[in-house]
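Biologist: Could you take a close look at one part for me, the place where the two chains meet, and walk me through what surrounds it?

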2 protein chains.
Amino acid sequence: MLTLDYANCLADRVGSHGLDTALFDPASQPTQTARALTASLEKTRGTGWERWRLLPHDPVKADHLHQVRRAVDACRGRFDNMVVLGIGGSALGNIALQSALSPVTYNLLPSSSRPGPRTFVIDNVDPEQFGHILDWCASAGGGLQRTLFNVISKSGETAETAAQFMIIRDVLRKAMGSGYAGNIVAVTDPSRGTMRQICDREGFTTLPVPDGVGGRFSVLSPVGLFSAAMCGIDIDALLGGAAEMDARCRRDSLLENPAALLAFLLVELGTTKGKTNHVLMPYASSLYLLADWYRQLWAESLGKRVDKTGETVFAGFTPVKALGTTDQHSQVQLYREGPNDKVIGFLEVHKFRHEVSIPTGLGVEALSYLEGRSMTDLLNAEKRATEYALVESQRPNFTIKFPVIDAAHVGQFIWLWQVATSYAGLMLNIDAYDQPAVELGKQATFGLMGRKGYEEHKRTVDSTLTTTRWRT
Amino acid sequence: MLTLDYANCLADRVGSHGLDTALFDPASQPTQTARALTASLEKTRGTGWERWRLLPHDPVKADHLHQVRRAVDACRGRFDNMVVLGIGGSALGNIALQSALSPVTYNLLPSSSRPGPRTFVIDNVDPEQFGHILDWCASAGGGLQRTLFNVISKSGETAETAAQFMIIRDVLRKAMGSGYAGNIVAVTDPSRGTMRQICDREGFTTLPVPDGVGGRFSVLSPVGLFSAAMCGIDIDALLGGAAEMDARCRRDSLLENPAALLAFLLVELGTTKGKTNHVLMPYASSLYLLADWYRQLWAESLGKRVDKTGETVFAGFTPVKALGTTDQHSQVQLYREGPNDKVIGFLEVHKFRHEVSIPTGLGVEALSYLEGRSMTDLLNAEKRATEYALVESQRPNFTIKFPVIDAAHVGQFIWLWQVATSYAGLMLNIDAYDQPAVELGKQATFGLMGRKGYEEHKRTVDSTLTTTRWRT
């Protein structure tokens with residue numbers, strides 16, 4: 001089970017930059033509030049935009065596992081490559097799962113050593129990235145016939161995914177004729193929307209984006225599960241880990257509920273101590289991209305101009321990703337000596353899946369202390385040293401510890417942060433499930449791309465941004 | 001030539017969150033100051049820790065190109081794989097150059113389509129990452145005999161690189177016996193230090209980390225040039241771009257000197273408008289990892305507790321990397337509605353090296369606006385729409401525009417930020433070239449790893465961090 005160590009967030013350790021331990025007393029206001037919020041979340045559990053909390057429990061779990069496995073079985077042996085097309089919540093989780101649970105050399109391995117097809121998640125509309133991957137699949141990768149496209153879009157109208165889809169549909173049709181539909185698995189709305197209509201018309205295999213599950217809370221739905229299962233990731237264990245964490249996150253004691261506690265620490269340090277930058281710094285390269293997933297969850301859920309009463313609050317915290325030990329040589333100078341405006345969250349791994357020992361015999365005195373030690377010893381000593389150095393500079397920090405990296409613990413991690421986000425939304429009194437500020441950019445894009453009905457947006461953009469000066 | 005468009009940093013555009021245009025008048029204080037700082041930088045140019053400014057100019061340039069090319073020539077045809085071992089300034093730039101200038105599919109391409117060996121930059125001591133890459137090279141990758149290791153460490157005592165080196169030295173010796181030295185090219189101090197001694201003893205090919213060039217200013221020295229040249233990157237053009245930018249960055253007019261201007265914008269917005277988070281958001285996947293290189297430069301150079309007079313200032317800004325369009329679906333909600341504490345720097349590309357067109361013929365009304373357009377059109381429309389949306393929310397932002405992505409423009413970009421960092425250091429009156437806060441963590445690591453003479457550090461760490469409570 002993951003543990004959360006937050007001693008370094010307390011005033012005992014980091015002076016006035018930390019929280020008073022009295023805040024955690026059984027009779028304290030935060031403890032009482034946490035109890036009330038837990039009760040409130042129990043009431044809304046499985047309703048409205050809180051339906052993501054149903055994902056790791058039957059009957060939703062059983063239904064999704066069944067549908068995903070059926071789709072995976074139908075694809076087995078047919079593909080050398082899988083290209084996931086999606087963006088934001090339809091890509092960040094998929095990338096994070098691959099990175100955490102498949103080896104870094106996965107795509108290079110011969111097919112006999114790989115549990116699934118080579119996997120590319122294209123989460124952008126960069127013509128070079130897209131073109132190179134597509135060209136590679138079409139030639140050296142074994143051909144488009146042997147390439148599966150996993151298109152993920154609830155509505156089908158997200159411009160990036162729509163453009164990607166239109167391109168691959170065209171090249172697949174040219175390469176394969178009418179049989180091309182067998183190379184597409186779409187994850188989309190089960191009953192309505194543009195992508196649904198296209199899927200019905202063209203006969204793609206589809207999997208559901210469940211109702212009431214927002215993009216950034218969807219990684220443990222078929223959105224993330226299909227591509228993970230295709231690569232041999234144990235999706236049952238992933239959901240099992242989430243369910244285990246869910247049980248812990250229903251406890252009404254602040255000190256025993258890791259999601260409530262994590263939210264409380266970050267919101268309290270953010271709002272009362274000015275720690276508005278929330279760094280996530282895994283000491284494990286494979287967990288680094290989980291930080292991108294976390295960035296979306298934390299930024300888009302909590303970054304809100306108005307609270308639920310309509311008052312302007314400019315809420316939110318800036319999530320920052322960092323990597324240990326690498327960023328000790330890049331960011332720690334700033335973290336220790338720059339503005340004291342951060343909380344640093346470490347991820348630590350007790351036992352890695354692969355160990356490397358540092359050999360004896362170099363015969364250089366200055367390096368003899370490394371001889372015979374494991375790389376894990378060094379990595380975790382560096383982490384502990386950094387933690388200590390931050391405490392010495394009164395910089396609050398905490399550690400989430402993985403006993404091992406596996407699907408179950410990654411499931412726990414995802415769940416911990418998703419529930420913590422719900423708590424943080426309630427603590428800040430903002431709507432954690434909307435993203436109103438994204439609309440204007442979408443409309444402006446439509447305008448600039450010449451979509452009918454958006455001409456006025458183009459005029460406004462052009463008149464706002466046009467200048468002949470202030471360029472060098 | 002790169003252009004810098006900063007109209008959206010001005011009060012005309014973003015109200016009180018922007019800078020007054022009067023600041024840029026020829027007689028204004030900042031303009032006068034910039035002139036004085038330019039004169040000051042001309043005086044220190046090529047001395048002390050400003051010796052990195054010599055890199056793109058002869059005789060240093062010619063000497064480095066000669067040495068690097070000789071080393072590359074000696075390696076030509078002998079290797080299927082290259083593993084770069086380094087950390088911080090000995091890795092971030094190398095990774096950024098590969099990512100910007102080699103295709104994303106580079107390592108997957110057959111050797112006939114690749115100008116150099118497959119390339120892995122290992123910038124961590126993660127046993128899984130390290131073990132998997134080493135195992136892969138030893139087996140499926142063609143064997144350790146066909147694997148070149150580029151070890152980069154000025155002193156040889158950086159624990160991470162030392163550990164990596166000790167491991168690969170051992171496996172190479174076991175695989176190849178005494179001939180193993182031919183598989184190592186070390187970039188290190190030309191005359192002293194632990195790695196220098198090892199190189200001399202064991203007969204490795206070496207290239208210099210030049211004196212007076214700090215790690216984060218070293219990418220355009222052999223530190224970055226060797227691995228780049230091995231992959232067919234035009235290092236002459238890279239340095240040529242840097243030299244071109246250098247000429248622009250010597251101009252004494254604030255408005256005509258892009259480095260002085262960039263530094264002024266960020267320091268002024270940071271110190272007078274509370275914009276302390278400095279986001280770099282390329283709209284090009286290949287440029288994304290340049291943001292990691294920038295993060296080190298900006299954080300480690302400017303994040304300082306005391307200024308040059310010894311006064312406590314907690315200077316510095318938090319560099320944040322983001323990616324367009326991806327992070328429109330992740331961070332832009334926060335950037336528009338959260339705390340107004342950021343400056344967003346976009347990177348925009350006029351013409352990509354590869355284009356993809358969105359085909360006609362889908363026959364879906366809601367998506368017809370995309371038909372026949374290029375992916376670049378969509379990408380750059382999204383960027384412009386985001387820029388507009390930020391302006392609407394009074395969030396200052398600027399754009400650095402690449403006409404194309406190539407070695408010359410990447411060289412310009414690197415140089416622009418390096419000189420801007422010098423200016424920013426002077427503007428903040430801090431030492432941009434030291435990193436005093438990194439020492440404590442290094443000593444604590446030595447203590448925890450049992451290095452002789454550091455026992456007291458271990459005791460202090462343990463007594464500071466030991467707790468039995470505050471864990472869940």
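Modeller: In this predicted model, 124 residues of chain A are in contact with 125 residues of chain B. On the chain A side, α13(A) supplies the largest share, 14 residues. Sorted by class, that side of chain A has 63 nonpolar residues, along with 37 polar and 24 charged ones.

As for how the copies sit, chain A lands on chain B after a rotation of 180° with 0.0 Å of shift along the axis, at an RMSD of 0.0 Å. That's the relation of a two-fold axis. The same surface serves both copies, too: 100% of the contact residues of chain A recur in chain B.

Now for the sheet behind that helix. Five strands of chain A make an open sheet with mixed pairing, in the order β1-β10-β9-β7-β8. The edges belong to β1 (3-5) and β8 (318-321) of chain A; each has a single partner strand, so one side of each is left without a neighbour in the sheet. From one strand to the next, the twist averages 20°.

Over at the β1(A) edge, its partner is β10 of chain A (residues 397-402): the two run antiparallel and are joined by three bridges. Within that pair, A:Leu4 stands opposite A:Ile400 of β10(A). And here we're back at the helix: α13 of chain A, residues 375-392, packs on the sheet and touches both β9 (342-349) and β10 of chain A. Its direction makes about 160° with that of β9(A). So to tie it up, α13(A) packs on the sheet and also gives the largest share of the side of chain A that touches chain B.

Definitions and conventions:
Residues numbered from 1 in each chain as written. Chains lettered and ligands numbered in written order. Predicted model: local features only at pLDDT ≥ 70, side-chain atom pairs only at ≥ 80, totals over all residues. Least-squares fit on C-alpha atoms with pLDDT ≥ 70 in both. Contact = placed C-beta atoms within 7 Å. Pairing = 2+ DSSP bridges. Helix = DSSP H or I, 4+ residues; strand = E, 2+ residues; numbered from the N terminus. Axes fitted to C-alpha atoms, helices over the stretch in contact; angles between N-to-C directions. Nonpolar A, V, L, I, M, F, W, Y, C, P; charged D, E, K, R; others polar.
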